[in-house]
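Student: Could you walk me through how the helices and the sheet fit together here? I'd like to start with whatever touches what.
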Amino acid sequence: MKKGEIMRRKLKWKIAALAASLIVGWFARSVEAKAFVVEESITNNIIPKPMSYKAGVGKFVLNKETKIYVKGGNDEETEELLRIADMLKSKISAPTGFNLNVFKGSSTENNTINLETTDGEETKNNEEYRLISNNQNIKITAYTPEGIYRGIQTLLQMMPSDIAKNSLANGVEWSVPAAEINDKPQYSYRGFMIDVARHFFSVDEIKRQIDHASQYKINRLHLHLSDDQGWRLEIKKYPDLTLIGGSTEVGGGKGGYYTQEQFKNIVKYAADRYIEIIPEFDMPGHTNAALASLGFLNPDGKRKPLYTGIKVGFSSLMTNSEKTYEFIDNVFKEVSAISPSKYLHIGGDEALSTPKNDYDYFVGRVSKIAQKYGKTPIGWDPIDTAPEINSSTILQNWQDSNEAARKKNMMMNISIAGKAYLDMKYNKDTPYGLDWAGYIPVETAYKWDPTDYAPQNLVLGIESPLWTENVATGEQMDYMIYPRLLGYAEIGWTPKSERNWEEYAIRLRAQGARLANEGINFYRDPSIFK
Ligand code: TNX
């Protein structure tokens with residue numbers, strides 16, 4: 001081919017490539033524009049989605065003169081609201097630099113945020129709230145301070161995402177769109193669980209998770225305090241439980257435990273954020289750490305070796321020994337004195353080394369010990385299959401089997417492993433977690449409802465457990481929990497009929513900026529976070 005011919009051909013290709021890139025570019029822009037229109041048509045990005053949201057006209061703009069007013073139904077409530085207002089104030093202060101003033105009373109003046117509890121009817125819901133924002137002011141009303149706290153989480157999500165920063169953000173207009181929101185949850189139990197037994201997590205790490213979860217209106221944190229690899233709560237009568245049983249973790253790390261003072265401190269911190277801590281001691285299986293600490297729990301009177309692997313189902317308490325029940329009674333007595341929750345989780349899962357008859361006898365007896373200390377027991381399935389277990393025990397349903405619970409009219413928390421387990425990998429490339437119940441991408445985590453597994457009248461709520469066999473640090477924990485927890489929070493709060501994945505995905509995408517601003521190491525699912 002002549003040189004001139006080659007040049008001509010090259011030019012032709014260049015022109016064709018240019019034309020193609022123009023066409024592709026135009027197409028991409030028009031798709032982008034369409035996507036933009038869809039996003040614009042959504043009036044808010046609040047998660048969980050409120051029961052009703054009516055957009056108004058205009059916006060409230062926060063500035064350094066904005067005042068917060070609190071008014072409770074009585075003095076005690078006013079004090080509680082003052083504490084909540086202080087939390088709001090300090091949350092606002094870092095990113096805005098405003099040091100807002102808080103006053104008792106209510107005000108119709110311009111530039112005020114009013115937090116007010118009102119008397120409810122008989123049917124009042126503790127978490128229900130109403131939020132009205134307009135050009136002049138913002139008002140959140142609720143029957144209880146708890147409802148006000150939930151409303152404040154909504155308010156913060158209505159502000160620009162820089163509000164989630166912990167340092168000064170300059171040049172931001174701190175506006176709240178005008179709206180009227182009426183909101184309350186579908187289910188009263190919206191929980192997550194952290195397994196602090198397989199890997200231990202410090203008080204500060206737990207508090208950080210409490211902070212983050214409470215902004216999505218999660219209201220329960222279940223702490224899995226004992227397993228084969230560790231016993232994590234100080235029991236004064238049995239110091240060896242933590243000295244020995246708390247001294248290691250999966251992989252042989254140094255483990256750790258919470259003193260009773262530290263546990264109380266976590267409980268208080270959570271309660272201030274309207275999250276209830278539910279302690280669990282898993283039994284009769286998953287008990288090697290206790291068997292390794294206390295010789296008298298073993299048939300030969302000798303301590304078992306500590307265990308730092310990840311097998312399950314090999315350990316069992318002696319179900320026919322009075323020493324076992326005396327031990328459990330003493331543990332429950334101490335934990336009941338420091339745990340205000342009405343629930344006490346007694347485990348009951350994977351007792352593969354306990355014959356079924358013995359298991360049935362054991363869980364029946366242990367649930368009565370919990371009740372003796374005024375607690376409502378919760379147990380993993382198959383606890384519902386034990387004849388002595390009845391509707392005074394709550395089932396935590398993790399395998400898709402609850403026939404016995406249905407027959408007995410037991411209330412349930414739905415935690416189906418293939419949908420709700422925070423330790424399942426998102427996909428094959430996820431660096432931590434397990435996959436025995438399948439992968440749980442963000443979409444799968446969102447697209448289900450508790451009523452897929454149990455009749456509505458038996459659903460207490462939902463819980464998403466984070467098992468930590470191979471989740472060892474705060475960053476890894478973040479990665480497994482976020483962003484899936486937002487979906488679980490919405491499944492628990494927003495009725496099924498109001499939920500739709502495509503629309504949720506757009507709100508979730510917008511939440512990405514907040515999660516990033518909070519320093520959460522969330523999994524940036526490429527199909528959602530561009
Ligand atoms: C099963 S789920 C367990 C836990 C493990 C988990 C790992 C349940 C009640 N028991 O002991 O940590 O699988 O995903």
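Tutor: In this predicted model, a good starting point is the contact between two helices, where E77, E80, L81, I84, M87, L88 and K91 in α2 meet P145, I148, Y149, I152 and L156 in α3.

Student: What classes of residue make up the contact of α2 with α3?
Tutor: Sorted by class, the contact has 9 nonpolar and 3 charged residues, with no polar ones.

Student: And at what angle do the axes of α2 and α3 cross?
Tutor: The axes of α2, residues 75-96, and α3, residues 145-158, cross at roughly 15 degrees and come within 10 Å. Angles under 35 degrees count as roughly parallel, so α2 is roughly parallel to α3.

Student: Is that crossing left-handed or right-handed?
Tutor: The crossing of α2 and α3 is right-handed.

Student: OK, switching to the sheet: what's the strand order?
Tutor: The sheet is open, with 7 strands in the order β1-β7-β5-β6-β4-β2-β3 and mixed pairing. Its edge strands, each pairing on one side only, are β1 (52-61) and β3 (101-104).

Student: How many bridges join β5 to β6?
Tutor: There are 5 bridges between β5, residues 129-133, and β6, residues 137-142, and these two strands run antiparallel; within this part of the sheet, L131 stands opposite I140 in β6.

Student: Last one: which strands does each helix lie across?
Tutor: Helix α2 lies across β2 (67-71), β3 and β4 (112-117), and runs at about 155 degrees to β2. Helix α3 lies across β1, β4, β5, β6 and β7 (175-183), running at about 40 degrees to β5.

How values were computed. Residues numbered from 1 in each chain as written. Predicted model: local features only at pLDDT ≥ 70, side-chain atom pairs only at ≥ 80, totals over all residues. Heavy atoms only, no water. Axes fitted to C-alpha atoms, helices over the stretch in contact; angles between N-to-C directions. Helix = DSSP H or I, 4+ residues; strand = E, 2+ residues; numbered from the N terminus. Parallel < 35°, antiparallel > 145°, perpendicular 65-115°, else oblique. Left-handed = near helix turned anticlockwise from the far one by under 90°. Contact = heavy atoms within 4.5 Å. Nonpolar A, V, L, I, M, F, W, Y, C, P; charged D, E, K, R; others polar. Pairing = 2+ DSSP bridges.
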